[in-house]
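Student: I am new to this structure and would like a close look at one part of its interior. Pick one residue there and start with what touches it. Then follow the connections outward for me.

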Amino acid sequence: MKYISHNPSQTTELAQQFVEQLNKTSLVLLKGELGAGKTTFVKGIAQSLGVQEVVNSPTFIIMNVYEAHHSRFKRLVHVDLYRLESVVLNQVRELGVQEYIDDQETLVVIEWPERMEQPSQDVVVVRFEHDDTGRIITY
Ligand code: ADP
Ligand code: MG
């Protein structure tokens, strides 16, 4: 489905609806340019999962782990590979991302997933495009 978001709060609302319709998948890849709204979307996911901490783009670390309060997910893992030129899967594995991906009670959301090898798991891809009128979010 394609949605148009005109402001950040519409993006967080969309993210909340998105979480509710996730089926078995617990791995979400967010694709789109810088400033397109990916991190804003993660903030909405976090709200939906009852995360109490403030979600920010990881600046020096590339992965943040949040405790969730949700019927299905106990944890939200936010990975942002923007600053990495290229990451080999082994390096991502060292972060423990794969263990989180394998854990059905953890929702893993990855910004700039193009910078790692594609996971073999079932994934949901959310695409972000933006122009002057708003953000187009497709999933
Ligand atoms: P990304 O993670 O894709 O780089 P961010 O979510 O960090 O993007 O930043 C998006 C920026 O665009 C924020 O400064 C936000 O305030 C602004 N913005 C304007 N309109 C929207 C919208 N409809 N959805 C999300 N962010 C928006
Ligand atoms: Mg971001």
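**From one buried residue outward**

Tutor: Start at Val79. Setting aside residues up to four places away in sequence, Val79 touches Ile62, Met63, Val97, Val109, Ile110 and Glu111. Keep in mind that this is a predicted model. Val79 sits in strand 4. Its relative accessible area is 0%, and the cut-off for buried is under 20%, so Val79 counts as buried. Now take a distance along the way. Val79 and Gly96 are 17 residues apart along the chain, and 11 Å separates their C-alpha atoms.

Which core does Val79 belong to? Begin with the largest one. The largest nonpolar core has 26 residues. Those with the most contacts inside it are Phe18, Phe41, Ile45, Leu49, Leu76, Leu107 and Val126. Several elements give two or more residues to this core: helix 1 (8-20), strand 2 (27-32), helix 2 (38-48), strand 5 (106-111) and strand 6 (124-131). Another core, of 13 residues, lies apart from it. Val79 is in that other core, and so are Leu27, Ile62 and Ile101, among others. Remember that Ile62 is also one of the residues Val79 touches.

Go back to the largest core and look at Leu49, one of the residues with the most contacts inside it. Leu49 is placed in the loop between helix 2 and strand 3. It is a loop residue, but is it buried or exposed? Leu49 has a relative accessible area of 0%, so it is buried. Beyond its neighbours within four places in sequence, Leu49 is in contact with Val19, Ala68, His69, His70, Phe73, Leu76 and Leu107. Leu76 and Leu107 are also among the residues with the most contacts in the core. The C-alpha atoms of Leu49 and Val77 are separated by 11 Å, and their positions lie 28 residues apart in the count along the chain.

Helix 2 comes next. Eight of its 11 residues are buried, so to speak of it as mostly covered is fair. The buried ones are Lys38, Thr39, Phe41, Val42, Gly44, Ile45, Ala46 and Ser48. They pack against helix 1, strand 2, strand 4, strand 5, strand 6 and strand 7 (134-138). Strand 4 is also where Val79 sits. Just after helix 2, Gly50 takes a positive phi of about 75°.

One buried residue of helix 2, Thr39, leads to a metal. The protein donors of the magnesium ion (ligand 2) are Thr39, through OG1, and Glu111, through OE. They lie 2.1 to 2.2 Å from the ion. Thr39 is in helix 2 and Glu111 in strand 5, so the pair ties together parts that are 72 residues apart in sequence. Both Thr39 and Glu111 are buried. Recall that Glu111 is also touched by Val79.

Thr39 has another partner, ligand 1. A polar side-chain atom of Thr39 lies 2.8 Å from an oxygen atom of this ligand. For Thr40, the corresponding distance from a polar side-chain atom to an oxygen atom of ligand 1 is 2.6 Å. An N or O atom in the side chain of Arg135 is 2.9 Å from an oxygen atom of ligand 1. In total, 15 residues surround ligand 1, and the closest are Thr11, Gly35, Lys38, Thr39 and Thr40.

Follow the chain past Glu111. Trp112 lies in the loop between strand 5 and strand 6. Trp112 is not a glycine, yet it has a positive phi of about 60°. Its relative accessibility is 14%, so Trp112 counts as buried.

Finish with the salt bridges, of which the structure holds two. In one, the side chains of Arg75 and Asp103 meet at 2.8 Å, N to O. Arg75 belongs to strand 4 and Asp103 to the loop between helix 4 and strand 5, and this pair links distant parts of the chain, 28 residues apart. Arg75 is partly exposed at 26%, and Asp103 is partly exposed at 24%. In the other, Lys74 and Glu105 meet through their side chains at 3.1 Å, N to O. Lys74 is in the loop between strand 3 (63-67) and strand 4 (75-80), and Glu105 in the loop between helix 4 (97-102) and strand 5, so the pair ties together parts 31 residues apart in sequence. Lys74 is partly exposed at 46%, and Glu105 is partly exposed at 36%.

Note on methods: Residues numbered from 1 in each chain as written. Chains lettered and ligands numbered in written order. Predicted model: local features only at pLDDT ≥ 70, side-chain atom pairs only at ≥ 80, totals over all residues. Heavy atoms only, no water. Core = buried A, V, L, I, M, F, W, Y, C linked by side-chain atoms within 4.5 Å. Buried < 20%, exposed > 50% of the residue type's maximum accessible area, 1.4 Å probe, protein only. Helix = DSSP H or I, 4+ residues; strand = E, 2+ residues; numbered from the N terminus. Contact = heavy atoms within 4.5 Å. Donors = N, O, S within 2.8 Å, 3.2 Å for Na, K, Ca; no water. Salt bridge = Lys/Arg side-chain N within 4 Å of Asp/Glu carboxyl O. Near = heavy atom within 4 Å. Polar contact = N/O pair within 3.5 Å; in protein donor to acceptor, adjacent residues only side chain to side chain.
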